[in-house]
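Hi everyone, thanks for making time. I'd like to walk you through a structure that is probably new to most of you, so stop me whenever you like.

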Amino acid sequence: MSSLKFLAISGSLRRASHNTGLLRSLPALAPSGVAIDLYEGLGSLPLFNEDLETLPAPAAVAELRALVAAADGVLIATPEYNSSIPGSLMNGLDWLSRPVGASVLRGKPVAVLGASPSQFGTARAQLVLRQVLHRIQAQVLDHPEVTVFRSYGRFDSEGGFLGDEVTEQLLGELLTGLVRMSRTNVAALTV
């Protein structure tokens, strides 16, 4: 079987982000033949402006679009701010979904996950993120839902994932689901 390349995007800009730490733990849990690259430029994207959406796109936007286009699948980890996703993540999604009809996320397999210190994890933020991704016409993996709650007990002071059996099992299932969806997508594109 051919190898797959996934792009991981954290919706958090914080240096010791639990969401970024969660994404950093994925390569060790990934099935054989799956490479996961972490995108760390979300904070460098300019604010979305329709006047700037046509070619040539700002350099940081062009880079992100190229990375997403080249990936077989995307993993997005979101924190929960005010029961929703952070503005920096929405800004990135706005850039990726435009110009109309040229979205690099259209038809792209996407898995959603997140970590939060709250009792509910990122359930509300993930709901919002899934709604946005469906509107963009990404292929969103439905199961499993990975909402890491009480995250301060699962990460060190630098945001490194300390690991726990249940979360690692869910992350493994998430990666397996994204692999399956991505292979189906690749097969459909080559027919």
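I'll go through two helices, then the empty spaces, and then a few local spots in the backbone.

One thing up front: this is a predicted model, so keep that in mind as we go.

Let's start with helix 3, which runs over residues 59-70. How far apart should its ends be? At 1.5 Å a residue, its twelve residues should span 16 Å, and the end C-alpha atoms are indeed 16 Å apart, so the two agree. Now, which residues of helix 3 are buried? Those are Ala60, Val61, Leu64, Arg65 and Val68. They cover an arc of only 130° around the axis, which means they sit on the same side of helix 3. If that spacing looks familiar, here's the background: an α-helix has 3.6 residues a turn, so residues three or four places apart point the same way. And what does that buried set pack against? Strand 1 (4-10), strand 2 (34-39), strand 3 (73-77) and helix 4.

That brings us to helix 4, residues 87-97. Helix 4 is mostly covered, with eight of its eleven residues buried. Among the buried ones are Leu89, Gly92, Leu93, Trp95 and Leu96. The partners that the buried residues of helix 4 pack against are strand 1, helix 3, strand 3 and helix 5.

Next, the empty spaces. The general idea is that rolling a probe the size of a water molecule over the atoms shows where empty space is left. The structure has one cavity of 30 Å³ or more, and the largest cavity holds about 50 Å³ of space. Which residues line it? Ile9, Tyr39, Leu42, Leu64, Leu89, Gly92, Leu93 and Leu96. Helix 4 turns up again here, giving the largest share of that lining, four residues. In terms of character, the lining of the largest cavity has seven nonpolar residues, one polar and no charged.

Then there's the largest pocket, with about 260 Å³ of space. Thirteen residues make up its lining, and Ser97, Val100, Gly101, Arg135 and Ile136 lie nearest the centre. The elements giving two or more residues to this lining are helix 4 and helix 5 (123-136). By class, the pocket lining comes out as five nonpolar, four polar and four charged residues.

Now a quick look at one residue, Thr20, in helix 1 (residues 18-24). Is Thr20 buried or exposed? Its relative accessibility is 8%, so it counts as buried. Leaving out residues up to four places away in sequence, Thr20 touches Ser10, Ser12 and Leu38. Thr20 and Thr78 are 58 residues apart in sequence, yet their C-alpha atoms are 8.9 Å apart in space.

Last stop, the backbone. Arg98 and Pro99 are joined by a cis peptide bond, with omega about -5°, and Pro99 belongs to the loop between helix 4 and strand 4 (109-115). There's also a cis bond between His143 and Pro144, omega about 0°; Pro144 is in the loop between strand 5 (139-140) and strand 6 (146-148).

And where do we find positive phi values outside glycine? One is at Ser83, near 65°, in the loop between strand 3 and helix 4. Another is at Gln137, near 75°, in the loop between helix 5 and strand 5. Ser83 is partly exposed at 37% relative accessible area, and Gln137 is partly exposed at 39%.

That's the tour, and I'm happy to take questions.

Conventions:
Residues are numbered from 1 along each chain as its sequence is written. This is a predicted model: local features need pLDDT of at least 70, side-chain atom pairs count only at pLDDT 80 or more; totals for chains, interfaces and linings use all residues. Side-chain values use heavy atoms; hydrogens and water are left out. On a 1 Å grid over the protein atoms alone, a cavity is a set of points where a 1.4 Å probe fits but cannot get out, and a pocket is an open set with protein on both sides within 12 Å along at least five of seven lines; lining residues have an atom within 4 Å of a point. Grid points are joined across faces, edges and corners, and a volume is the space filled by probe spheres set on the points. Ala, Val, Leu, Ile, Met, Phe, Trp, Tyr, Cys and Pro count as nonpolar, Asp, Glu, Lys and Arg as charged, and the others, Gly among them, as polar. The expected span of a helix is 1.5 Å times one less than its number of residues. Buried means under 20% relative accessible area, exposed over 50%, partly exposed in between (1.4 Å probe, protein chains only). The arc is that of the directions from the helix axis to the C-beta atoms. Contact means heavy atoms within 4.5 Å.
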